[in-house]
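Load the model in your viewer and keep the selection box at hand. This tour goes from one sheet to another and ends inside the protein.

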Amino acid sequence: MIKAITGTKDILPEDINKWNKVEAIVRNVMNNFNYKEIRTPVFEETALFSRGIGEATDIVSKEMYTFVDRSETSVTLKPEMTASVVRAFIEHSLGKKYGLNKLFYISPMFRQERPQAGRFRQFHQFGAEALGSDNPMLDAEMIITSYKVMTELGLKNLAVKINSLGIPSSRENYKKVLKEYLSDKFDQLSEDSQKRFETNILRIFDSKVEGDQKIMNEAPVLLDYLDEESKEKFEQVTSLLDGIKIPYEVDPKLVRGLDYYTHTTFEILSGSVGSQSALCGGGRYNLLVEQLGGAQTPGVGFAAGIERILLACENENSLTLPEESIDIYVVRLDKELTQKANEIAVTFRNANLSTELDYTQRSVKAQMREANRLNAKYTLIIGGEEYERGEVVLKEMKLGEQKIFKLNSLPDIISAIKSV
Ligand code: HAM
């Protein structure tokens with residue numbers, strides 16, 4: 001038997017309402033903040049991600065779904081959207097068309113990570129990218145919008161963490177300081193961190209190994225080594241958040257796993273989902289557009305994992321979903337009436353009523369049972385003496401009230417149902 005690939009998941013009809021709810025809230029919040037939707041292909045040239053995200057990152061070095069296609073091009077299923085959005089921004093000269101581009105997306109992503117609760121190989125993100133302005137208002141806006149989606153979903157157990165990675169030159173200076181601090185502790189570091197010491201020293205802050213964490217707790221932090229301008233920008237972001245009253249915590253150890261960040265980085269974590277607690281991450285990337293071949297253009301963005309958010313919603317029991325129902329179920333007493341029942345059902349459906357009928361020649365009792373199971377507001381019963389008189393029975397299911405209508409007055413039935 002062929003099963004879904006490890007780390008991928010079917011979203012079944014019983015779960016789809018939750019997804020639709022998240023997506024509706026995302027669209028609404030994004031619309032309120034005037035972000036426009038962008039959709040990019042599921043796969044791109046591999047070089048886009050290796051150059052954009054950074055060769056030494058876990059995503060590029062270990063997790064990408066990369067393959068050579070039949071025309072010998074190395075392609076990769078997108079592990080994140082920022083590089084793709086920037087590629088589209090450059091390719092379509094969006095910077096020339098509009099001074100500031102505020103874009104959002106909802107899309108599947110692919111990373112070959114070890115699957116566990118809240119970690120998948122195909123997962124879904126919603127996110128936003130604002131390209132064309134260095135204003136800290138936009139850094140704050142990324143936190144405000146992502147936080148807003150989560151609170152609208154009823155999530156409570158949230159922590160916003162924020163940091164600044166400054167500009168490359170102050171970061172390089174700081175890396176030297178960190179290297180010096182770690183050099184005489186190198187032997188005590190885990191194997192992974194020892195590798196990172198050479199390739200991506202800041203990521204040692206992300207280590208989950210207790211010994212590493214002890215060492216990193218005492219380490220000098222980048223925030224203390226920022227240049228004046230970066231410090232000022234960071235203060236502007238935090239004071240904007242203070243103004244909106246979003247609770248946050250400055251976390252000087254928040255380094256993020258992608259190389260393109262400059263200045264602000266942030267994450268929103270949930271206390272309700274276990275170890276994969278980052279629901280959302282983002283930050284500013286003022287050099288990425290240029291790195292990918294575009295004109296110097298500042299950018300900032302975030303992405304949030306929908307599976308993790310839904311897990312948090314489930315664990316906090318925060319999602320209220322409307323009860324599922326249909327408007328009307330057309331019951332026929334006699335299988336000879338199949339064509340008539342079908343015609344009536346199509347008329348109702350064309351009038352925008354959600355309508356169901358039996359496809360398996362079931363008994364009247366079974367049809368009524370099905371109508372109840374589907375939570376039909378009404379049933380229309382066709383057949384028997386009424387039908388011979390040219391009439392049908394409309395039954396309101398909650399109160400059990402019945403009303404007789406002429407068979408040729410379907411518009412009256414439609415209005416009766418819609419008027420409730
Ligand atoms: P990221 O931190 O790699 O950032 O991913 C953002 C979010 O996607 C995570 O916080 C998590 O909720 C979700 N996520 C990541 N990997 C998985 C996975 N394997 N399974 C389930 N959920 C996952 C980015 O992707 C950046 N592009 C964010 C950004 C946009 N920065 C600036 N603009």
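Contact here means heavy atoms within 4.5 Å. Keep that in mind when a helix is said to touch a strand. The model is a predicted one.

**Stop 1: the three-stranded sheet**

Select residues 43–45, 66–68 and 74–77. These are β2, β3 and β4. They make an open, antiparallel sheet of 3 strands, ordered β2-β4-β3. Which strands stand at the edges? β2 and β3 do; each has a single partner strand, so one side of each lacks a neighbour in the sheet. Look along the sheet: neighbouring strands are turned by 35° against each other on average, direction ignored.

Zoom in on the pairing of β2 with β4. It is antiparallel and runs over 3 bridges. Pick E45, then V75 in β4: the two are bridge partners.

Now add residues 46–53. This is helix α2, packed on the sheet. α2 touches β2, β3 and β4, and its direction makes about 80° with that of β2.

**Stop 2: the five-stranded sheet**

Move on to β12 (326–332), β13 (355–357), β14 (376–382), β15 (391–396) and β16 (402–406). These 5 strands form an open sheet with mixed pairing, in the order β13-β12-β14-β15-β16. The edges belong to β13 and β16; each has a single partner strand, so one side of each has no neighbour in the sheet. From one strand to the next, the twist averages 25°.

Select β12 and β13 together. They run parallel, joined by 3 bridges. Centre on V330 and you will find L357 of β13 opposite.

Two helices come next. Residues 364–373 are α14, which lies across β12, β14 and β15. The helix runs at about 175° to β12. Then show residues 410–418, helix α16, which packs on the sheet and touches β12, β14, β15 and β16. The direction of α16 makes about 145° with that of β16.

**Stop 3: the cavity**

How many cavities of 30 Å³ or more does the structure hold? It holds 1. The largest cavity has about 40 Å³ of space.

Select the lining: D134, D139, S164, S230, K233, F234, V237, H263, T264 and R284. α10 (228–244) and β9 (262–270) are the elements that give two or more residues to this lining. α10 gives the most, with 4 residues.

Finish by colouring the lining by class: 2 residues are nonpolar, 4 polar and 4 charged.

Definitions and conventions: Residues are numbered from 1 along each chain as its sequence is written. This is a predicted model: local features need pLDDT of at least 70, side-chain atom pairs count only at pLDDT 80 or more; totals for chains, interfaces and linings use all residues. Side-chain values use heavy atoms; hydrogens and water are left out. Two strands pair if DSSP finds at least two bridges between them. Axes are lines fitted to C-alpha atoms, for helices over the stretch in contact, and angles run from 0 to 180 degrees between N-to-C directions. On a 1 Å grid over the protein atoms alone, a cavity is a set of points where a 1.4 Å probe fits but cannot get out, and a pocket is an open set with protein on both sides within 12 Å along at least five of seven lines; lining residues have an atom within 4 Å of a point. Grid points are joined across faces, edges and corners, and a volume is the space filled by probe spheres set on the points. Ala, Val, Leu, Ile, Met, Phe, Trp, Tyr, Cys and Pro count as nonpolar, Asp, Glu, Lys and Arg as charged, and the others, Gly among them, as polar.
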